[in-house]
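Biologist: Please pick one place where two chains meet and give me a close look at it. Start with how the helices cross there, and then work outward step by step.

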Amino acid sequence: MKLALRHVFVLIVCAFALFPILFVVSAAINPMGTLASTDLLPTGASLVNFAHLLTSDSYPFGRWFFNSVFIALVASFASLLLSMLAAYAFSRMRFAGRRVGLLALLLIQMFPQFLAIVTIFMIFTRVTELYPAFGFNTVWGLMLLYLGGALGVNTWLMKGFLDTVPKELDEAATVDGATHAQIFWRVIMPLVTPILAVTALLAFIGTMSEFLMANVFLRDPESKTLAVGMYGMIAGDHRNANFGMFAAATLLTAIPTVSVFLWLQKYIVSGLTAGAVKG
Amino acid sequence: MALDVREVPRKGGGPKAAPRPRREITTAFVVSRIAVLAVAAAILLYAVPPLVAAESWVSLALLGAVSAAIAYLYLTRRFIPAKYLVPGTVFLIAFQVFPVVYTVTTAFTNFGDGHRGDKAAAVTAIETGSVRQTPGSPEYAMTAALRGDELVFLLVDPKTKQVRLGDAKGLSPLAGAQVGTTGKVLAAPGLTVLKAPEAAARGQEISALAVPAGDGVIKANGLSRAVEGKAALVYDAGCDCVRGNGDTWMADESQGFFVNAKGEHLAQGWQVGVGLDNFARVLTNPTISGYFAGVFGWNLVFALASVLGTFALGMSVALALHHPRMRGTRFYRIALILPYAMPAFAMLLVWRDMFNRDFGLINQLLGANVDWLGETATARFGVILVNLWLGFPYMFLVTTGALQAIPRELTEAAAIDGATPWKAFRRVTLPLLLVALTPLLISSFAYNFNNFNAIALTTEGGPFPADNPQVGGTDLLITYTFRLAFGAGGAQFGFAAAVSVFIFTIVAVISAVAFRRTRKQEEVYA
């Protein structure tokens with residue numbers, strides 16, 4: 001394909017990707033701050049919505065922001081490690097129940113999870129009684145719940161990638177006397193950086209925008225995440241009036257995700273594995 | 001040293017073909033074992049005391065067994081795959097498998113509004129709910145207080161000014177209480193007296209507490225007075241029935257209700273197993289089975305269109321950018337990932353407003369006056385478009401990731417052999433991509449099949465035809481059944497669980513079939 005054609009195509013898709021975001025930007029800097037007064041292109045420029053948002057007493061945005069980023073960073077890091085361990089076993093080892101295990105992982109993920117919310121609610125009611133530090137209104141309890149889904153899609157993604165990394169590499173390491181743990185940390189982990197970066201990003205984004213579970217879990221205004229808090233912001237009567245503030249909050253929420261992406265970009269792009277295949 | 005799995009000869013038979021010298025026991029080995037033991041011990045130290053305090057022996061035994069199993073697993077040199085699988089699996093079982101299994105068992109019960117607790121709880125609720133003040137009984141000044149976490153009443157007799165403490169077990173004298181002029185208790189040793197707003201916040205708990213006294217009970221009347229009364233309805237264990245108000249309600253264990261001769265039941269029931277009733281109801285209920293086919297069809301279209309649309313678009317841009325001489329890829333990548341970086345739930349609500357007929361952005365841009373979410377066809381188009389916007393960056397990202405793993409030499413070799421770019425893509429790149437991505441496509445299908453948020457936050461299932469407010473044009477099985485199960489009729493968790501088992505079965509079968517088809521493909525590389 002000609003390079004120019006590639007550019008044209010990608011630019012069209014970019015336009016499609018960006019126009020709703022432009023609309024949100026326009027709403028965020030629109031001094032009127034309502035839905036009805038917002039156009040695609042900004043009709044005014046002011047930071048009044050941001051000021052309202054950051055000084056509001058009823059919406060502790062800064063606190064929500066911290067909660068969300070903290071949960072997303074810790075939970076995605078932990079789930080990355082858990083799923084990478086599992087992916088290594090599924091890709092490199094042959095054991096009884098391997099295929100069944102893989103299929104089971106896929107199937108369990110398909111159960112409409114929010115219908116299990118009643119059950120999860122009951123479980124955590126008990127946990128809250130016994131261990132308040134991991135119960136409702138705590139980030140740690142919510143994290144445990146998120147780690148329940150750590151295996152699953154991530155494992156599949158990594159296993160698919162590991163399958164394309166030549167086995168000869170770890171066989172060579174075995175011959176050199178490496179243990180399986182050494183192979184995992186010294187040989188495999190450096191080679192899978194691109195997929196780790198992609199998965200970390202996906203896990204981070206998934207946790208940031210997770211809403212249903214967090215909504216059940218976090219009732220206390222101080223413990224809410226951005227998704228739960230912001231949903232309350234435009235609920236009911238506030239929808240039109242708070243739209244500017246909501247748009248401002250949406251943009252601020254995107255900042256950590258975009259930062260994580262920029263941070264991981266070079267790993268995503270560099271084809272480390274391609275080099276390994278040659279070796 | 002720990003044995004590598006590959007040391008075991010592949011073909012299985014006999015002892016190891018070539019025994020290798022034992023490796024030295026390294027520092028890392030010792031340290032990692034100590035770490036495992038320390039973590040297991042720390043968990044036990046933290047988790048055991050509350051369980052002992054709550055006398056929850058089954059949980060305690062379970063915890064002990066799991067800790068022992070984990071310690072054993074990491075202290076031996078065997079079970080190598082398990083060492084890698086167990087950490088994630090523990091979480092998976094506790095927070096994913098167990099809730100699902102529990103939900104499935106719920107499908108065989110009548111659990112829901114009116115059937116939440118066991119029979120004893122139902123009897124208590126019926127009896128205390130029917131308490132009427134006995135004529136001539138004293139009225140106490142009542143103060144709500146906390147003993148630890150437990151709610152108790154501090155009761156002051158208007159005549160004797162004697163202060164007594166009432167809890168669920170009965171009355172006991174209370175010494176050292178400081179009584180105010182209004183007769184309310186201001187402070188008492190060892191107790192936290194609730195202030196008015198705190199007491200108001202616990203209004204439900206306060207009205208539910210019944211303190212046994214004499215042949216009746218003392219119950220709160222408002223937040224500062226309590227009266228002695230008698231239950232109008234009394235449970236009689238002899239006939240397993242509830243008597244009172246000149247009627248008798250017999251316990252019906254198959255329904256979980258107390259039913260009288262006329263077939264009427266008391267509002268409070270208890271949880272019983274109902275066998276396959278809930279499943280039968282899904283199949284025979286005309287409102288559910290009648291529209292099932294229609295909703296199911298659209299549900300399939302929605303899930304397929306979402307997966308194929310996002311994959312096609314995401315892969316196309318990933319391929320377009322995957323070229324050594326492509327400039328500006330950094331900028332493009334950021335632009336393309338932005339929809340995914342925006343909080344999805346917020347953007348769903350924004351899209352809903354963009355489709356608004358009167359002041360929506362779409363109509364404004366097109367100069368049209370289409371009621372996008374008001375007509376079934378356009379609403380369906382709308383939700384698929386929204387889902388495409390939300391979902392294609394994911395496919396773009398995972399395809400980019402997978403493309404990194406495909407050596408460029410392969411496509412270069414194909415080009416040298418005279419393959420057109422399309423042929424090289426079709427025969428080399430795409431099959432290799434699918435090896436890594438098929439499972440993701442399948443799970444993306446499953447996710448979208450049950451994509452509750454995408455529908456609930458945009459169209460809420462609508463538009464609804466005038467003659468049927470139950471089934472909307474964009475309803476998925478999950479939103480539709482959710483409304484039936486949790487809607488106007490009150491919470492019916494048992495029934496909702498049965499419906500989700502049906503949905504799960506459908507998705508699982510479709511996915512399992514798709515999965516089997518990819519089996520051979522995977523083994524090429526596995």
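Modeller: α10(A) passes α12(B) in a left-handed crossing. Keep in mind that this is a predicted model. Helix α10 of chain A covers residues 193-209, and helix α12 of chain B covers residues 376-404. Their axes lie 9 Å apart, and the angle between them is about 160 degrees. Angles over 145 degrees count as roughly antiparallel, so α10(A) and α12(B) fall into that class.

Now look at the residues that touch. From α10(A) come V198(A), L201(A) and L202(A). From α12(B) come Y394(B), L397(B), V398(B) and G401(B). Sort the residues by class and you get six nonpolar, one polar and no charged. The polar one is G401(B), because Gly counts as polar in this sorting.

Step back along chain A. Just before α10(A) sits helix α9(A), residues 180-191. The axes of α9(A) and α10(A) come within 5 Å and cross at roughly 70 degrees. Angles of 65 to 115 degrees count as roughly perpendicular, and therefore α9(A) and α10(A) get that label. In α9(A), look for M189(A), P190(A) and L191(A). They meet T193(A), P194(A) and L196(A) in α10(A). This contact has five nonpolar residues, one polar and no charged.

Chain A has another helix pair to compare. Helix α3(A), residues 61-92, packs with helix α6(A), residues 139-147. Here the angle is about 35 degrees, and the axes are 10 Å apart. This crossing is right-handed. The list of touching residues covers many names. On α3(A) they are N67(A), F70(A), I71(A), V74(A), A75(A), A78(A), S79(A) and L82(A). On α6(A) they are V139(A), W140(A), L142(A), M143(A), Y146(A) and L147(A). Twelve of them are nonpolar, two are polar and none is charged.

Next, chain B and its strands. Four strands form an open sheet in the order β12-β13-β14-β15, paired antiparallel. β12(B), residues 234-236, and β15(B), residues 257-259, are the edge strands. Each has a single partner strand, so one side of each lacks a neighbour in the sheet. On average, neighbouring strands are turned by 35 degrees against each other, direction ignored.

Look inside this sheet. β13(B), residues 241-244, and β14(B), residues 247-252, pair antiparallel over four bridges. V242(B) sits opposite W249(B) of β14(B). In a regular strand, side chains alternate between the two faces of the sheet. A helix also lies across this sheet. Helix α4(B), residues 119-129, crosses β12, β13, β14 and β15 of chain B. Helix α4(B) runs at about 140 degrees to β12(B).

Find the cysteines next. A disulfide is a covalent bond between the sulfur atoms of two cysteines. Over all chains, this structure holds one. The disulfide links C239(B) to C241(B), with 1.9 Å from S to S. The angle about the S-S bond is -50 degrees, and the link of C239(B) and C241(B) is left-handed.

Now follow β11(B), residues 225-231. β1(B), residues 131-133, runs antiparallel to β11(B) and is joined to it by three bridges. V131(B) stands across from A231(B) in β11(B). β2(B), residues 139-147, also pairs with β11(B) in the antiparallel sense, over three bridges. There, E139(B) is opposite V227(B) of β11(B). β10(B), residues 216-221, joins β11(B) by five bridges, again antiparallel. A220(B) has A226(B) as its bridge partner in β11(B). β10(B) and β11(B) make a hairpin, with three residues between the strands. G222(B) lies in that turn and has a positive phi of about 80 degrees.

One more hairpin rounds off the tour. β4(B), residues 163-167, and β5(B), residues 170-173, pair antiparallel over four bridges. G166(B) has L171(B) as its bridge partner in β5(B). Two residues separate β4(B) and β5(B) in this hairpin.

Key. Residues are numbered from 1 along each chain as its sequence is written. Chains are lettered from A and ligands numbered from 1 in the order in which they are written. Side-chain values use heavy atoms; hydrogens and water are left out. Axes are lines fitted to C-alpha atoms, for helices over the stretch in contact, and angles run from 0 to 180 degrees between N-to-C directions. Angles under 35 degrees count as roughly parallel, over 145 as roughly antiparallel, 65 to 115 as roughly perpendicular and the rest as oblique. A crossing is left-handed if the near helix is turned anticlockwise from the far one by less than a right angle, and right-handed if clockwise. Contact means heavy atoms within 4.5 Å. Two strands pair if DSSP finds at least two bridges between them. A disulfide is a pair of cysteine sulfur atoms within 2.5 Å.
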